[in-house]
Amino acid sequence: MKLDSAVGCTLVLLLLTTVLSRTGAVPVPTALGTVPGARGCHLAQFKSLSPQEMKAFRRAKGALEEWLLLKTWSCGSRPFPRARDLRQLQVWERPVALEAELALTLKVLETVADSTLGDVLDQPLLTLRHIHAELQACVPAQSTAGPRPRGPLRSWLHRLQEAQKTESHGCLEASVTFNLFRLLTRDLQCVASGDLCV
């Protein structure tokens with residue numbers, strides 16, 4: 001049986017691609033939602049949250065906003081500036097920035113949950129902890145051999161660290177509350193989309 005020359009060429013190319021990619025001779029795009037070198041990094045599942053999860057977050061955000069109306073707070077800076085965009089960072093930097101953002105969000109919301117809004121925040125906190133745990137598997141360990149944050153990532157991380165030192169707890173509560181849906185719908189989706197977030 002004679003093979004058509006186009007089919008033969010296709011088979012040869014397919015075989016060559018398979019051999020080269022398995023041996024590491026040719027770079028192969030990473031799987032969607034994974035970060036190179038990260039073990040157990042599965043972020044593609046967070047491209048969209050379930051309707052039940054989003055409903056729980058809407059309910060929590062509403063309760064937090066009502067609670068904030070009863071408090072006096074002001075901010076000297078914006079821990080989460082509007083101009084920031086994860087797409088400005090390199091793909092490997094995005095999970096690092098989101099992990100820091102999420103760590104601050106959890107720290108602040110856990111304090112609020114302990115004091116007054118525990119029942120409303122229980123489910124959202126559970127979801128945020130799960131996302132945070134998955135993100136930690138994707139963030140490269142800080143070591144002398146690993147890449148050091150520079151440029152926009154460095155300033156992003158510095159801003160979050162400084163806000164925790166200089167801003168009032170009321171400012172942090174308000175900032176986290178008003179940033180919550182951006183974190184869930186924009187930043188998390190971008191990180192979960194990997195190279196496709198442009």
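Read along the sequence, the chain of this predicted model follows the pattern α-α-α-α-α, and a count of its elements gives 5 helices and 0 strands. The chain has 198 residues, of which 41% count as buried. Where two residues in contact have a separation of 6 or more, 84% of such contacts in the chain are accounted for by residues 24 or more positions apart.

**The nonpolar core**

The largest nonpolar core holds 50 residues, and among these Leu43, Leu49, Leu121, Leu128, Ile131 and Leu184 touch the most other members. Which helices supply residues to this core? At least two residues come from each of α2, α3, α4 (151–166) and α5, and α3 gives the most, with 18 residues.

Leucine 128, one of the core residues named above, can be taken as an example of how such a residue is surrounded. When its neighbours within four places in sequence are left aside, leucine 128 is in contact with Phe57, Leu102, Thr105, Leu106, Leu109, Leu180, Leu183 and Leu184. Leu184 thus appears both in this list of contacts and among the core residues that touch the most other members.

**The aromatic pair**

The structure holds 1 aromatic pair. The ring centres of tryptophan 73 and phenylalanine 178 lie 6.2 Å apart and the ring planes stand at 50 degrees, so the pair is tilted. Why tilted, and not stacked or edge-to-face? Planes under 30 degrees apart would count as stacked and planes over 60 as edge-to-face, and because the angle here is 50 degrees, the pair belongs to neither of those classes.

The two partners are 105 residues apart, and the pair links distant parts of the chain: tryptophan 73 is in the loop between α2 (51–69) and α3 (93–138), while phenylalanine 178 is in helix α5 (residues 169–193). Are these residues buried or exposed? The table gives the relative accessible area of each, and both count as partly exposed.

| Residue | Relative accessible area | Class |
|---|---|---|
| Tryptophan 73 | 34% | partly exposed |
| Phenylalanine 178 | 47% | partly exposed |

**The largest pocket**

Phenylalanine 178 also has a place in the lining of the largest pocket, in which about 230 Å³ of space lies. This pocket is lined by 13 residues, and those nearest its centre are Arg78, Phe80, Ala174, Ser175 and Phe178. What kinds of residues make up the lining of the largest pocket? They divide into 7 nonpolar, 3 polar and 3 charged residues.

Technical notes: Residues numbered from 1 in each chain as written. Predicted model: local features only at pLDDT ≥ 70, side-chain atom pairs only at ≥ 80, totals over all residues. Heavy atoms only, no water. Phe/Tyr/Trp six-rings, centres within 6.5 Å; stacked < 30°, edge-to-face > 60°. Helix = DSSP H or I, 4+ residues; strand = E, 2+ residues; numbered from the N terminus. Buried < 20%, exposed > 50% of the residue type's maximum accessible area, 1.4 Å probe, protein only. Core = buried A, V, L, I, M, F, W, Y, C linked by side-chain atoms within 4.5 Å. Contact = heavy atoms within 4.5 Å. 1 Å grid on protein atoms, 1.4 Å probe; cavity = no way out; pocket = protein on both sides within 12 Å on 5 of 7 lines; lining within 4 Å. Points joined across faces, edges and corners; volume = space filled by probe spheres on them. Nonpolar A, V, L, I, M, F, W, Y, C, P; charged D, E, K, R; others polar.
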